[in-house]
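The exercises below are meant to be worked with the sequence and the coordinates open side by side. Each task is followed by a solution that proceeds step by step.

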Amino acid sequence: MSKAVRIHETGGPEVLKWEDVETEGPGPGEALVRHAAVGLNYIDIYHRSGLYPLPALPAVIGMEGAGIVEAVSEGVEEVTVGDRVAYAAPPPGAYAEKRLISADRLVAVPEGIDDVTAAAMMLKGMTAQYLLRRTHPVKSGETILVHAAAGGVGMILCQWASHLGVRVIGTVGSEAKVEHAKTHGCDYALLYDDGGYVNEIEVITEGRGVDVVYDGVGSETFDSSLKSLSMLGHLVSFGQTSGSVEPVELGLLSAKSATLTRPVLFHYTELRGDLVAAANELFDVVGRGVVRIEVSDTRPLADAAGAHRDLESRLTTGSTVLIP
């Protein structure tokens, strides 16, 4: 018997319940992981609220964690008992002291990266990796716009892009986050609440616009993201923290011959070789200090409801980690 946070119905943070659960031994291809730390991500809110439906209830949510392998099934070769591992992968189940997971979704955590950092960086960091290296492979000299630049993904993405020689414009939701964004890779940090940042971007880029917009906010920023693009620009809509984007009239893109993409991390890491390559590149930039992983808050996993409230209220910067 171990503890986990489960939901028996979808809804607000109050549906998250800390309770006893049975943990079985690993089945074919599986490993049993004892979590040392669990990452908090916006996709957890989508699962809890029902925006992204779960296969069945009750269910344990959470997509990211780090810990120790306690057992593996016969024939598993990817990991062995005692390995320090981390993951960011479906299916949900990370909000638990222990969980079963397909062994091919686990990656070894190198020395020098502690469990809390690993749990804070996998989903957000591999998201930044595929956005910058695969969805729109940025080139030195390009100018990009990153919404929610002081958030967990934004802070990693902006630092990484700056290292690659990119001029980074970030938007943030409050004055308190402006300097935070500037110290994490942004050349310019603009407030997006007043909508005036589109004009500021036009001034910064001398009327050209940005080569790519990385937009994880969704409905609130989509129109202005399009307006901010350069001719032949690329709008990468990878999240919807403010709500889903309304159906798009394709003719809107023709004004700039723009490209619109809606990518998903787990499609980029479906093949184990791609997963390991993405994780290793992330571990490399963090290990060399190119990207600093900022954990702004750690709290007991049993207080997942409070963590959800803070994340939904946009009170957080960087990453929040839950400790079983």
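**Exercise 1. Describe the packing of helices α2 and α3, beginning with the residues that meet.**

Step 1. In α2 the residues Lys124, Gly125, Thr127, Ala128, Gln129, Leu131 and Leu132 meet Gly152, Val153, Ile156, Leu157, Trp160 and Ala161 of α3, where contact means heavy atoms within 4.5 Å. Helices here are DSSP runs of H or I with at least four residues, strands are runs of E with at least two, and both are numbered from the N terminus.

Step 2. The model is a predicted one, in which local features need pLDDT of at least 70 and side-chain atom pairs count only at pLDDT 80 or more, whereas totals for chains, interfaces and linings use all residues. Residues are numbered from 1 along each chain as its sequence is written, and side-chain values use heavy atoms, with hydrogens and water left out.

Step 3. Two packed helices are described by the angle between their axes and the distance between the axes. For α2 and α3 the angle is about 45° and the axes are 9 Å apart; axes are lines fitted to C-alpha atoms, for helices over the stretch in contact, and angles run from 0 to 180 degrees between N-to-C directions.

Step 4. The two helices, α2 and α3, are therefore oblique to each other, since angles under 35 degrees count as roughly parallel, over 145 as roughly antiparallel, 65 to 115 as roughly perpendicular and the rest as oblique. The crossing of α2 past α3 is right-handed, that is, the near helix is turned clockwise from the far one by less than a right angle, anticlockwise being left-handed.

**Exercise 2. Establish the strand order of the six-stranded sheet and place the helices that pack on it.**

Step 1. The six strands form an open sheet with parallel pairing, in the order β11-β10-β9-β12-β13-β14; two strands pair if DSSP finds at least two bridges between them. Because β11 (188-191) and β14 each have a single partner strand, they stand at the edges, and one side of each is left without a neighbour in the sheet. From one strand to the next the twist averages 15°.

Step 2. Within this sheet, β9 and β10 (residues 167-172) run parallel and are joined by four bridges, and Ile144 has Val168 in β10 as its bridge partner.

Step 3. Helix α2 (residues 115-135) lies across β12, β13 (229-237) and β14, and runs at about 145° to β13. Helix α5 (residues 197-204) packs on the sheet as well, touching β9, β10, β11 and β12, with a direction that makes about 155° with that of β11.

**Exercise 3. Describe the three-stranded sheet and find which of its strands stand at the edges.**

Step 1. This open sheet has the order β2-β1-β4, with antiparallel pairing. The edge strands are β2 (16-21) and β4, each with a single partner strand, so one side of each lacks a neighbour in the sheet.

Step 2. Strand β1 (residues 2-7) is joined to β4 by two bridges, and the two run antiparallel; Arg6 stands opposite Val60 in β4.

**Exercise 4. Decide whether the loop residues Thr221 and Leu106 are buried or exposed, and list their contacts.**

Step 1. Thr221, in the loop between β12 (210-215) and α6 (222-228), has a relative accessible area of 1% and is therefore buried; buried means under 20% relative accessible area, exposed over 50%, and partly exposed in between, with a 1.4 Å probe and protein chains only.

Step 2. Not counting residues up to four places away in sequence, Thr221 touches His147, Tyr197 and Asp215.

Step 3. Leu106, in the loop between β7 (98-102) and β8 (107-108), is buried because its relative accessibility is 0%. Beyond four places in sequence, the contacts of Leu106 include Val69, Val79, Ile101 and Arg272.

**Exercise 5. Locate the backbone exceptions in the loops.**

Step 1. Most residues other than glycine have a negative phi, and most peptide bonds are trans.

Step 2. Cis peptide bonds, with omega about 0°, join Leu57 to Pro58 and Pro90 to Pro91. Pro58 is in the loop between α1 (42-49) and β4 (59-60), and Pro91 in the loop between β6 (84-88) and β7.

Step 3. Phi is positive at Ala148, near 55°, and at Ser257, near 50°. Ala148 is partly exposed at 30% relative accessibility, and Ser257 is partly exposed at 46%.
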